[in-house]
Amino acid sequence: MYIVMVASECAPVAKVGGLGDVVFGLSHELEIRGNAVEIILPKYDCMRYDHIWGLHVTYEDLWVPWFNYHIRCTVWFGFVHGRKCYFIEPHSNDNFFNRGAYYGFADEHIRFAFFSKAALEFLYHAGKRPDVIHTHDWQTALVPVMLCEIYRDLGMGHIRVCHTLHNVKHQGIAGANVLWFTGLGRPDYYYSRERLGDDFNPGAINFTKGAIVYANFITTVSPRHAWEVRYTEWGYGLGHALYVHQSKFGGVLNGLDYDAWNPETDPAVPAHYNADNFAAKRHNTRALRERLWLRQADRPVVAYVGRLDMQKGVALIRHALFRSLHQGAQFVLLGSSPEIGINAQFWQLKHELNDNPDCHLEIGYDEELAHLIYAGADILIVPSLFEPCGLTQMIAMRYGTVPVVRAVGGLADTVFDRDYSERPHAERNGYVFHQADNHAIESALDRAIALWFDSAEEFRELAVRGMRYDYSWNRPGTEYLNIYELIRHK
Ligand code: ADP
């Protein structure tokens, strides 16, 4: 099959969160299985250019219709760790992707509406006719809309679209100007609630709603979350639309790129190890302590890696930090927040705890340090308020680090409580709590820390059990191919 991913992120070249990991990992898996996969991305100035090989111009003058004029784009091609990537570079005063950051601008909807339009124009003019286009989140949600309404009549009618919802909190709510800019026009038609009309803002169109209506199949990133978005507040207003279209909606658990996340070969990890050689992990704990100025002590290291966003349960992360120290553990945190208030709060905490030899907060984004933390920590907390899939708990298990998670979304689908799960003992791989309050996280975290102190052997068994799980792209790869096959023949 010929598959084109259109996305705003792809790890490691342009990654903000799990979306980037998924685009890379799924593409890799599909290629291993003999499919032709290409990825279309914006050409951001702030990308990790050191991860692109052979970058060169492949299409010189792509004139993208935009409102009543055209914007000239250059399309670049390069390999990102073997993946074929096209990068679209617009030349206009809007400077869409030369702003030193991936997201966070006032004209966000215009930027990504333009990218979606440019991606389709590129496919059209370059004569590329994939069997399936796979789009991701609101940034590329207008692709199925424009494909159906504009490009279908230009010889692209057979192309099918699968759209994945990674985080429905962000949906792309905009005004009619987007319709005029993209050439869709006809506000009366698109404002209908059967099309792009937002269910709660009568004066707005909703990009994600558009994808739900127009895509041939919609997925979200775990089966539990597929239920949550339809029936709970975590649908952020899209529950009804997803319910209406549920015959073409399903949850596919994300996979992990087992090459990029491999404790046996990871270049960012000083001592390589696997489930049969688990003892070597302690060298990484030592290295982690050295790197973060923690004292070498006979205590477990509890870690948090991830965005410091309300979604991630910042109050619970903070509580877990103090609770871990109270219970005699060490605590390390790696994360940052685009929200000034949250960032300031954690900087304050960092200053307060600066002299504590059992605690380190690293505020910022650091891919290599993240690898060392997964390899060196004993316990990883993920106390999210909601979590569509969550990768950090799966990475932790891959590195023999025991996850302590809240039972939401993909966390509930991947982590099974050692003491209270309905699963057989041999399948239990971590600790789970339910309510989003301090007592609840204590009930799980305390048990994890206590097991580390009381029974090293049982703790090791639990960690090794996590390592033996297969959370690679193997299974999700098959599920996505089945979806592509299904929509191809529809
Ligand atoms: P989300 O997509 O909501 O951010 P996920 O758990 O799905 O959360 O994915 C997070 C990914 O981003 C993981 O690969 C994690 O290691 C990485 N990550 C998050 N924050 C940081 C950071 N500050 N430094 C390095 N890696 C990070």
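In what order do the 6 strands of the open sheet stand, and is their pairing parallel or antiparallel? The legends below take up this question for a predicted model.

**View 1. The open sheet and its two edges.** In this predicted model, the 6 strands follow the order 14-13-12-15-16-17, and their pairing is parallel. Strand 14, residues 359-363, and strand 17, residues 431-433, stand at the edges with a single partner strand each, so one side of each is left without a neighbour in the sheet. From one strand to the next, the twist averages 15°.

**View 2. Strand 13 beside strand 14.** Strand 13, which covers residues 330-335, pairs with strand 14 in the parallel sense, and 5 bridges join the two. Within this pair, Leu-334 stands opposite Glu-362, a residue of strand 14.

**View 3. Helix 10 on the sheet.** Helix 10, made of residues 314-326, packs on the sheet, where it touches strand 12 (301-305), strand 13, strand 14, strand 15 (379-382) and strand 17. The direction of helix 10 makes about 155° with that of strand 13.

**View 4. Helix 10 against helix 11.** Helix 10 packs with helix 11, residues 340-352, at an angle of about 5°, and their axes lie 12 Å apart. Because angles under 35 degrees count as roughly parallel, helix 10 is described as roughly parallel to helix 11. On the side of helix 10, the contact is made by Val-314, Ile-317, Arg-318, Leu-321 and Phe-322, while helix 11 contributes Ile-342, Gln-345, Phe-346 and Leu-349. These contact residues divide into 7 nonpolar, 1 polar and 1 charged.

Definitions and conventions: Residues numbered from 1 in each chain as written. Predicted model: local features only at pLDDT ≥ 70, side-chain atom pairs only at ≥ 80, totals over all residues. Heavy atoms only, no water. Pairing = 2+ DSSP bridges. Helix = DSSP H or I, 4+ residues; strand = E, 2+ residues; numbered from the N terminus. Axes fitted to C-alpha atoms, helices over the stretch in contact; angles between N-to-C directions. Contact = heavy atoms within 4.5 Å. Parallel < 35°, antiparallel > 145°, perpendicular 65-115°, else oblique. Nonpolar A, V, L, I, M, F, W, Y, C, P; charged D, E, K, R; others polar.
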